[in-house]
Amino acid sequence: MEKLKNQKKKGTQVIKRPDLCTADELRNFHGLVLSGGQVTRERLPELIRRAILLGFHYVGPRLAAVAGLKTPRESYKNRVFREAGVEHLSKQSHTELGWAVTRKEFQGSGIATSLIQKLLNQMKDEKIFATTASDNFLMQRVLTRFGFRQVGHAYGDPMLESPSKLLWCLEKD
Ligand SMILES: CC(C)(COP(=O)(O)OP(=O)(O)OC[C@H]1O[C@@H](n2cnc3c(N)ncnc32)[C@H](O)[C@@H]1OP(=O)(O)O)[C@@H](O)C(=O)NCCC(=O)NCCS
């Protein structure tokens, strides 16, 4: 089992600014994020182009996983923190970790964890937040491992199929 895990995990990770990505890379990133089903389709290509850093994990020629760091719009960020009941924390957080999706056949082999680690290494001094569906225990497990703590209470996002969401903030020592 451990051997299989290591085999699947093997691959190449690339962390890139969106303006340095090819059109194909941006399209493939977008496609994999959409397949994860946790985002709204509207304006996604634009949001990806405006991201801080995009993470790609390839196994051979296949894009196995993606994740990204972005600067959200103030209005979106403030709404999320307000709805979670922790408006006062909004000013401290400028960067959002998101778009973490691992293709089904590669899940459970530590790929998302190592890709997110690479992204977070680039943003040492930033206050970072993330949101998850309330029932997305796998992503919550990944975030918890990095020191994210759930803040506030569950809030609704009527645009999503799973309307109950949780807000997470990275606690730095
Ligand atoms: C959440 C997600 C990105 C995790 O990707 P991943 O590459 O499988 O993550 P990791 O392998 O680093 O796994 C993290 C933990 O979950 C476990 N895990 C992941 N997939 C699993 C599965 N299908 N069954 C059991 N455990 C699983 C891993 O074993 C690991 O736990 P461990 O460290 O105790 O071994 C992936 O499940 C996914 O793409 N989900 C759909 C999209 C999504 O919900 N994205 C999050 C948006 S906020």
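Colleague: How do you know which classes the residues in the shell around the ligand belong to?
Modeller: The shell has 8 nonpolar, 10 polar and 1 charged residues, because Ala, Val, Leu, Ile, Met, Phe, Trp, Tyr, Cys and Pro count as nonpolar, Asp, Glu, Lys and Arg as charged, and the others, Gly among them, as polar. Bear in mind this is a predicted model: local features need pLDDT of at least 70, side-chain atom pairs count only at pLDDT 80 or more, and totals for chains, interfaces and linings use all residues. Numbering starts from 1 along each chain as its sequence is written.

Colleague: What makes a residue part of the 19 around the ligand, and which come nearest?
Modeller: Its C-beta atom, placed from the backbone, has to lie within 6 Å of the molecule. G36, T102, Q107, A112 and T113 come nearest.

Colleague: Which helix gives the most to that shell?
Modeller: α6, with 4 residues; helices are DSSP runs of H or I, at least four residues, and strands runs of E, at least two, numbered from the N terminus.

Colleague: Why is α2 said to be close to its expected span?
Modeller: Expected span is 1.5 Å times one less than the number of residues. Helix α2 (residues 23–35) has 13 residues and reaches 18 Å from first C-alpha to last, close to the 18 Å expected.

Colleague: What makes β1 and β6 edge strands?
Modeller: Strands pair if DSSP finds at least two bridges between them. The open sheet runs β1-β2-β3-β4-β5-β7-β6, and β1 (12–16) and β6 (148–156) each pair on one side only.

Colleague: How do you know β2 and β3 pair?
Modeller: 7 bridges join β2 to β3 (residues 62–70), running antiparallel, so the cut-off of at least two bridges is met.
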